[in-house]
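Welcome, and take a moment to get your bearings. The paragraphs below walk through the model step by step, from the whole chain down to single residues.

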Amino acid sequence: MESEEFCRELLESARWPEGPVCMNCGAKGAASRLTTRPGLWTCKACRRCQYSVTSGTQLHRSRLPVSSWVKLFYTTQIRNQNLTASQVSRRFNVAYLTAKSMLRRIDAIRREMPEMAERLERSLRDLANGNGRD
């Protein structure tokens, strides 16, 4: 789970199991990956929208890499570690208030997007059990 690209793909498959969906028009199968910016999609249907896997979620506008979010989700949900903000701050080398916000956002994702959280949890469990890809 070290690669940023790998973590982004995990999150994308959890959020969009049938492929990216346009945030503006809701088109499925009309997404085109921008080659100039990793993780950014554009809609070929409405031609107005650029979006990423974090758009419209609690992770939107976060300055932290996607891999940090996936690792925190793994630690709290798969390994069932009940971390405090101080522990998250030390482990992820972020400020205390950032760590507090990270924990709040992970909880909010579980509440607001339960299907996405369950798919991500399933993927991470498969990886932890050696059933996923390398």
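Helices (H or I, at least four residues) and strands (E, at least two) are DSSP runs, numbered from the N terminus. With that in hand, Ser-68 can be placed in helix α2. Before going further, please keep in mind that this is a predicted model, in which local features need pLDDT of at least 70 and side-chain atom pairs count only at pLDDT 80 or more, while totals for chains, interfaces and linings use all residues. Residues are numbered from 1 along each chain as its sequence is written, and side-chain values use heavy atoms, with hydrogens and water left out.

Let us begin with the whole chain. It has five helices and three strands, and their order along the sequence is α-β-β-β-α-α-α-α. The radius of gyration is 15 Å, close to the 14 Å that the globule rule gives for 134 residues, so the chain is as compact as a globular protein of that length. Here the radius of gyration is taken over C-alpha atoms, and the globule rule is 2.2 Å times the number of residues to the power 0.38. Along the principal axes, the C-alpha atoms fill a box of roughly 45 × 35 × 30 Å.

How much of the chain is buried? Of the 134 residues, 43% are buried, where buried means under 20% relative accessible area, exposed means over 50%, and partly exposed lies in between (1.4 Å probe, protein chains only). The accessible surface of the chain is about 8100 Å², and carbon and sulfur atoms contribute 43% of that surface. These areas come from the Shrake-Rupley method with a 1.4 Å probe, and for residues only the protein chains shown count as cover.

Contacts tell another part of the story; a contact means heavy atoms within 4.5 Å. Among the contacts with a separation of 6 or more, 54% are between residues 24 or more positions apart. The chain also carries 23 positive and 13 negative charges, and the mean positions of the two groups are 7 Å apart. For this count, Lys and Arg are positive and Asp and Glu negative, with His and the chain ends not counted. Each charge is placed at NZ of Lys, CZ of Arg, CG of Asp or CD of Glu.

Now for the cysteines. The structure holds zero disulfides, a disulfide being a pair of cysteine sulfur atoms within 2.5 Å. Why is Cys-22 not bonded to Cys-43? The closest cysteine sulfur to that of Cys-22 is in Cys-43, 3.6 Å away, which is too far for a bond. Cys-49 is in no disulfide either, as its nearest cysteine sulfur, that of Cys-22, is 4.1 Å away. Cys-22 counts as buried at 5% relative accessibility, and Cys-49 is buried too, with a relative accessible area of 9%.

Next to Cys-22 in the numbering comes Met-23, which lies in the loop between α1 (4-15) and β1 (31-33). Met-23 is partly exposed, with a relative accessible area of 36%. Leaving out residues up to four places away in sequence, Met-23 touches Arg-15, Cys-49, Tyr-51, Ser-55 and Gly-56. The C-alpha atoms of Met-23 and Ser-52 are 9.2 Å apart, although 29 residues separate them along the chain.

Arg-15 comes up again when we turn to the loop between β3 (50-51) and α2, where Thr-57 is found. Thr-57 counts as buried at 11% relative accessibility, and beyond its neighbours up to four places away it touches Arg-15 and Met-113. Thr-54 sits in the loop between β3 and α2 as well and is buried, at 14% relative accessibility. Its contacts, setting aside neighbours within four places, are Arg-15, Leu-59, His-60 and Val-66.

Following the chain into helix α2 brings us back to Ser-68. Ser-68 is buried, with a relative accessible area of 15%, and it touches Phe-92 and Met-102, not counting residues up to four places away in sequence.

Two asparagines make a good last stop. Asn-80, in the loop between α2 (66-78) and α3 (85-92), has a positive phi of about 55 degrees although it is not a glycine. Asn-93, in the loop between α3 and α4 (96-112), has a positive phi near 55 degrees. Are these residues buried or exposed? Asn-80 is exposed, with a relative accessible area of 59%, and Asn-93 is exposed, at 71%.
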